[in-house]
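Hello,

Here is the structure I promised to pass on to you. Please have it open while you read, and my notes follow below.

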Amino acid sequence: MATAAGAKTSPPALIPIQVWKGPACGCCQDWIRHLEAHGFQVQASDSGNTDARLRLGVELRYGSCHTALVGGYAIEGHVPAREIKRLLLERPQAIGLAVPAMPIGSPGMDGPEYGARKDPYDVLLLSKNGGTRVYQSYR
């Protein structure tokens, strides 16, 4: 890639992220495609979601169908790539982010089989002391 001044620039580096999911989960694969489309390099494992959640300190009540690790943060469920990038820029003292359950309209839960349906949901910031706060609302 060349700039107006003729100097070559490199494309932005992909952000590495490790994902643990079920082997037959279609929405997990759709979420992975969402991440890849937004600059993430995904390494996926078809097992270990529950163990990863436990190891990373994500309480079961915030659980979903996949768990990820990026930049030292846990990512649980259908968290939009935009919020993951924001987390990596802001670097708060936290366990990570979670979108509990599987809200329709969230990344990976937004395929044609759901029509135009979009349920409201919150992306939660999981504090190290066990608390949470809304990091971003989607309405």
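**Helix α3 and its charges**

E83 and R86 both belong to helix α3 (residues 81-90), where they are three residues apart, about one turn of the helix. Please keep in mind that this is a predicted model. The two side chains form a salt bridge, and their closest N and O atoms are 3.4 Å apart. Salt bridges with shared partners go on to join R82, E83, R86 and E90 into one network. Within that network, the side chains of E83 and R82 also meet in a salt bridge, at 3.1 Å from N to O.

How buried or exposed are these residues? E83 is buried, with a relative accessible area of 1%, whereas R82 counts as exposed at 53%. R86 is partly exposed, with a relative accessible area of 25%.

R86 has another partner as well: its charged end sits over the ring of Y135, 3.7 Å from the ring's centre. If you like looking at arginines over rings, please also turn to R55, which lies over the face of W20 at 5.2 Å from the ring centre.

**A salt bridge between a strand and a helix**

As you know, side chains of opposite charge can pair when their charged atoms come close. The structure holds nine salt bridges, and one of them is formed by the side chains of E76 and R53, at 3.1 Å from N to O. E76 lies in strand β4 (residues 73-77) and R53 in helix α2 (residues 49-56), so this pair ties together parts that are 23 residues apart in sequence. Both partners are covered: E76 is buried with a relative accessible area of 0%, and R53 is buried with 6%.

**Strands β1, β3 and β4**

Strand β3 (residues 66-70) is a good place to start with the strands. It is mostly covered, as four of its five residues are buried. On one side, strand β1 (residues 15-21) pairs with β3 in the antiparallel sense over four bridges. β3 and β4 also run antiparallel, and four bridges join them.

A68 is a handy landmark here. V19 stands opposite A68 in β3, and A68 in turn stands opposite I75 in β4. The hairpin of β3 and β4 has two residues between the strands, and G71 takes a positive phi near 55° there.

Strand β1 also contains K21. Is this lysine buried or exposed? At 4% relative accessibility, K21 counts as buried. Leaving aside residues up to four places away in sequence, K21 touches a list of residues that includes C28, Q29, I32, A44, D46, N49, C65 and H66.

**Cysteines**

You may well want to know about the cysteines. How many disulfides does the structure hold? It holds zero. A disulfide is a covalent bond between the sulfur atoms of two cysteines. For C27, the closest cysteine sulfur is that of C25, 3.4 Å away, and this is too far for a bond. The cut-off used here is that the two sulfur atoms lie within 2.5 Å. C28 is in no disulfide either, and its nearest cysteine sulfur, again that of C25, is 3.0 Å away.

Both C27 and C28 are covered: C27 is buried with a relative accessible area of 9%, and C28 is buried with 1%. C28 is also among the residues that K21 touches, so you can find this cysteine again by starting from that buried lysine.

**An aromatic pair**

Last, the rings. A search of the whole structure finds one aromatic pair. Which two residues form this aromatic pair? They are Y121 and Y138, which are stacked, with 5.0 Å centre to centre and 10° between the planes. The pair links distant parts of the chain: Y121 is in strand β6 (residues 121-126) and Y138 in strand β7 (residues 132-138), 17 residues apart. Y121 counts as buried, at 8% relative accessibility.

Happy browsing, and best wishes!

Definitions and conventions
Residues are numbered from 1 along each chain as its sequence is written. This is a predicted model: local features need pLDDT of at least 70, side-chain atom pairs count only at pLDDT 80 or more; totals for chains, interfaces and linings use all residues. Side-chain values use heavy atoms; hydrogens and water are left out. Rings of Phe, Tyr and Trp (its six-membered ring) pair if their centres lie within 6.5 Å; planes under 30 degrees apart count as stacked, over 60 as edge-to-face and the rest as tilted. Buried means under 20% relative accessible area, exposed over 50%, partly exposed in between (1.4 Å probe, protein chains only). A charge sits over a ring if NZ of Lys or CZ of Arg is within 6 Å of the ring centre and within 35 degrees of the ring normal. A salt bridge is a side-chain nitrogen of Lys or Arg within 4 Å of a carboxyl oxygen of Asp or Glu. Two strands pair if DSSP finds at least two bridges between them. Contact means heavy atoms within 4.5 Å.
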